[in-house]
Amino acid sequence: DEITVGELASRLKQTASNVIKKLMGLGVMASVSEVVDYDTAALVAEEFGAKVEHEVHVTIEERLFEDVADDPGVLEERPPVVVVMGHVDHGKTSILDAIRKTRVTAGEAGGITQAIGAYQVEAGGKAITFLDTPGHEAFTSMRARGADLTDIAVLVVAADDGIMPQTIESINHAKAAGTTIIVAINKMDKPQANPEQVKEQLTKYELVPEEWGGDTICVPVSALTGQGIPDLLENINLLAEVKELRANPNRRAKGAVVEARLDKGQGPVATILVQNGTLKKGDCIIAGTAVGRVRVMRNDKGEPIETAGPSTPVEITGLTEVPAAGDLFEAVADERLARELADQRAAKQKEEQWGSYQKVTLDNLFSQIEEGERKELPIVVKADVQGSAEAVKQSLEKISNDEVRVKVIHAGVGGISKSDVMLAAASGAIIIGFNVRPDPVAKAEAAQAEVELRMYRVIYDAINDVTDAMKGMLAPKI
Ligand code: GDP
């Protein structure tokens, strides 16, 4: 909130020398090109009988996004968005499969073919949307990016195993997100199944079964035989009704990216979930730093569609780059402004990522740690698919110990490019490629900038090398 004397004069329709005189009267010595603060400007203006108001800064976001609250009258019921969580091997994947199979009996033309990372089923004439990435890590990494997608979490607990560490983690993640939990007590076909014990254990985590006077719905199921699956779906619908899930289909779409990848022929392909509004083919959308017009839109059966309303998962092409899972997207009217915002975001990201570090390789990492020169190992990860990029990133960051923190400054999809090398060079990072290769330009650039490129096919090998390097035990290169 400051203004040059010249600008102040022109706004007051006064000569600069008049303004300078007034300023001198106030004890402020300023030339035409110098700036004065808001309070001083206000005093001068007052002397000329004018009023000064704070300038209202309108951000690109404010100009670009339709930020109107929906009138309750225009809201319509929308399907619940459901995620499946629980301990490993308790049957999350099997339950998602079993639910998907109900589409066949529902007479769906597409049968069980599924093209994208989310699908819808119908139960009792109502749709339910399932996110097809089981587990709380995906759920939480999406939330960390700002995407709160899910309304209901199905907590899968094996009836023969009971509550295990990841069951507890799942409960905590769901609770932190304010997501309602419905419990599927799975593997009921097994002779050792003991649902009563599961319920007993649940009460320790403030999940008191309905039949015991609480408000947690527990449904005994078997993903193997299909027993209880329709009951589970029915109960999800009941819960959804209680939650009164509503959206306005008659506005521009907004939502979040569920997953994304780079396709050789189609370019960036993203599975997105529309949370509010309706997305139409041809709409311009912005998702993180990616912009573009929706070129092809497909539903969960891979069929091309023209529009997608609230809670509908679709796969789209047409974006300029691969967005990250959990990036929020929004359809906008002004494509030029959207590109400007994307550039702004990209520049900001770069600024945050660029720092000056000393050059590092896995070979000299240990000596740098020992000499106290290094507290952080920055890494750029490039992988063939978004899922691997995310997995490599998470595994690498977990290696951090008390002395040195492994920090993935960028994890992206696609071959290693010159810009990756530049980022690594500027940050003193090494580059880990997972099932990808550097292009020739990137390779030359890396040699010149002395950026270490390491290619892997197996996550385990990458983790091992970085772990060994941190301990000074990396086997010498042959
Ligand atoms: P996830 O790790 O939670 O996704 O678990 P999976 O769906 O991969 O299942 C783990 C194992 O349990 C697999 O061998 C499944 O065949 C088995 N399984 C899953 N559901 C059932 C069930 O209802 N009954 C029985 N008997 N086995 C099941």
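## The ligand and its surroundings

In this predicted model, an oxygen atom of the ligand lies 2.7 Å from a polar backbone atom of aspartate 89, and a backbone N or O atom of histidine 90 is 3.4 Å from an oxygen atom of the ligand. A side chain also takes part, since a polar side-chain atom of asparagine 186 is found 3.1 Å from an oxygen atom of the ligand. Taken alone, the ligand exposes 580 Å², and the protein buries 73% of that area.

The shell around the ligand is made up of 15 residues, and the closest of them are Asp89, Lys92, Thr93, Ser94 and Asp189. By character, the residues of this shell divide into seven polar, five charged and three nonpolar. Helix H5, which spans residues 92–105, gives the largest share of the shell, namely three residues.

## Two residues with positive phi

Aspartate 89, whose backbone approaches the ligand at 2.7 Å, belongs to the loop between E4 and H5. Although aspartate 89 is not a glycine, its phi is positive, at about 70°. Its relative accessibility is 63%, and because residues over 50% are classed as exposed, aspartate 89 counts as exposed.

Asparagine 435 also has a positive phi, near 60°, while being a residue other than glycine. This asparagine is located in the loop between strand E22 (430–434) and helix H14 (440–449), and with a relative accessible area of 30% asparagine 435 is partly exposed.

## The nonpolar cores

In soluble globular proteins, nonpolar side chains tend to be buried together. The largest nonpolar core here has 27 residues, of which Ile99, Phe130, Val154, Ile182, Leu232 and Ile236 touch the most other members. Two or more residues of this core come from each of several elements, among them strand E4 (81–86), H5, strand E7 (152–158), strand E8 (180–186) and helix H9 (229–243). The largest share, six residues, is given by H9.

Phenylalanine 130 illustrates how distant parts of the sequence meet, for, leaving aside neighbours within four places in sequence, phenylalanine 130 is in contact with Val82, Val84, Leu96, Ile99, Ala118, Tyr119, Val121, Leu233 and Ile236. A second, separate core contains 24 residues, including Ala383, Leu396, Val404 and Val408.

## A buried glutamine

Glutamine 201 is part of helix H8, which covers residues 195–203. Its relative accessible area is 16%, and because the limit for a buried residue is under 20%, glutamine 201 is buried. Apart from its neighbours within four places in sequence, glutamine 201 is in contact with Gly162 and Ile163.

Methods:
Residues numbered from 1 in each chain as written. Predicted model: local features only at pLDDT ≥ 70, side-chain atom pairs only at ≥ 80, totals over all residues. Heavy atoms only, no water. Near = heavy atom within 4 Å. Polar contact = N/O pair within 3.5 Å; in protein donor to acceptor, adjacent residues only side chain to side chain. Areas by Shrake-Rupley, 256 points an atom, 1.4 Å probe, with all protein chains shown as cover. Helix = DSSP H or I, 4+ residues; strand = E, 2+ residues; numbered from the N terminus. Nonpolar A, V, L, I, M, F, W, Y, C, P; charged D, E, K, R; others polar. Buried < 20%, exposed > 50% of the residue type's maximum accessible area, 1.4 Å probe, protein only. Contact = heavy atoms within 4.5 Å. Core = buried A, V, L, I, M, F, W, Y, C linked by side-chain atoms within 4.5 Å.
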